[in-house]
Amino acid sequence: MLYFEIDAHGLQQLVTDLSATEKQVKFALSRALSRTATTLRTLASRRLKTDLQLRTISMLRKRMKALRIRGVSGDGFSLWFGLNDMPVSWFQGAPKQSSTGATHKGTAFPSAFVAKSKFKGRRTVFKRNGAARLHIVEQLKPIGDKAQIVIEDEIFVLTEQVFWKHFERDLRARVNYKLGGA
């Protein structure tokens with residue numbers, strides 16, 4: 001779990017400069033946190049799609065959740081990423097049959113074969129479960145290590161910058177239009 005702390009001095013300075021009420025600050029803070037979580041989720045899905053070379057972003061959306069945390073110490077959020085292995089058919093590129101099995105972009109699958117999937121008729125890698133002709137299982141490619149590096153090194157470093165942008169914009173609007181005063 002990665003954390004970021006809000007600079008209390010910077011927050012107080014902005015509140016004083018804009019002469020915002022406590023209620024406006026509370027509403028702006030809450031909205032900024034939810035927008036920050038949404039922005040980080042969007043940035044992560046776009047970045048992971050290109051880095052993992054997935055066919056579409058929709059395949060990642062089910063594996064990413066933004067959760068609001070409301071507690072005694074205040075509001076917050078956490079982002080959950082499902083980093084389990086993904087089916088080969090979800091990735092760009094065509095798998096190739098080799099003499100020892102199948103390969104897909106450098107990942108070898110021994111004793112596997114290439115065939116069309118029921119999932120949109122794409123070519124993918126299957127492996128037999130046992131000696132019988134059927135039951136075949138689509139093979140999975142690991143994404144955990146690569147995705148973890150992208151998330152920690154490129155996405156979460158932007159958290160504070162994104163939060164301050166959303167918070168300042170929302171607080172300025174609330175003060176200018178006199179929303180949530182008193």
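In the hairpin of β5 and β6, where two residues lie between the strands, K105 takes a positive phi near 45°. The model is a predicted one, and this briefing follows that hairpin into its sheet, then turns to a pocket that K105 helps to line, to other residues with positive phi, and to helix α5.

**The sheet around the hairpin**

- The strands β4, β5 and β6 form an open sheet of three strands in the order β4-β5-β6, and the pairing within this sheet is antiparallel.
- β4 (96-97) and β6 (107-110) stand at the edges with a single partner strand each, so one side of each of these two strands is left without a neighbour in the sheet.
- Strand β5, which covers residues 101-104, pairs with β4 in the antiparallel sense over two bridges, and Q97 stands opposite A102 in β5.
- A hairpin of three residues carries the chain from β4 to β5.
- On its other side of the order, β5 pairs with β6 over four bridges, again in the antiparallel sense, and here H104 stands opposite T107 in β6.

**The second largest pocket**

- The second largest pocket holds about 200 Å³ of space, and its lining includes H104 and K105 together with D51, L52, Q53 and F91.
- Also in the lining of this pocket are K141, P142, I143, G144, D145 and K146.
- Helices α2 and α4 (144-155) each supply at least two residues of this lining, and α4 gives the most, with three residues.
- By character, the lining of the second largest pocket divides into four nonpolar, three polar and five charged residues.

**Positive phi outside the sheet**

- Most residues other than glycine have a negative phi, which is the background for the residues listed under this heading.
- Q53, one of the residues lining the second largest pocket, has a positive phi of about 60° although it is not a glycine.
- The place of Q53 is in the loop between α2 and α3 (58-61), and Q53 counts as partly exposed because its relative accessibility is 34%, which falls between the limits of 20% and 50%.
- S19, likewise not a glycine, has a positive phi of about 50°, and its place is in the loop between α1 (8-18) and α2 (22-52).
- S19 counts as exposed because its relative accessible area is 58%, and the limit for that class is over 50%.
- K178, which comes just after α5, takes a positive phi of about 55°.

**Helix α5**

- Helix α5 runs over residues 159-176, has 18 residues, and reaches 26 Å from its first C-alpha to its last, which is close to the 26 Å expected at 1.5 Å a residue.
- The buried residues of α5 are T159, V162, F163, W164, H166, F167, D170, L171, R174 and V175.
- An α-helix has 3.6 residues a turn, so residues three or four places apart point the same way.
- The buried list of α5 can be read with that spacing in mind, and it includes F163, F167, D170 and R174.

Note on methods:
Residues numbered from 1 in each chain as written. Predicted model: local features only at pLDDT ≥ 70, side-chain atom pairs only at ≥ 80, totals over all residues. Heavy atoms only, no water. Expected span 1.5 Å × (residues − 1). Buried < 20%, exposed > 50% of the residue type's maximum accessible area, 1.4 Å probe, protein only. 1 Å grid on protein atoms, 1.4 Å probe; cavity = no way out; pocket = protein on both sides within 12 Å on 5 of 7 lines; lining within 4 Å. Points joined across faces, edges and corners; volume = space filled by probe spheres on them. Nonpolar A, V, L, I, M, F, W, Y, C, P; charged D, E, K, R; others polar. Pairing = 2+ DSSP bridges.
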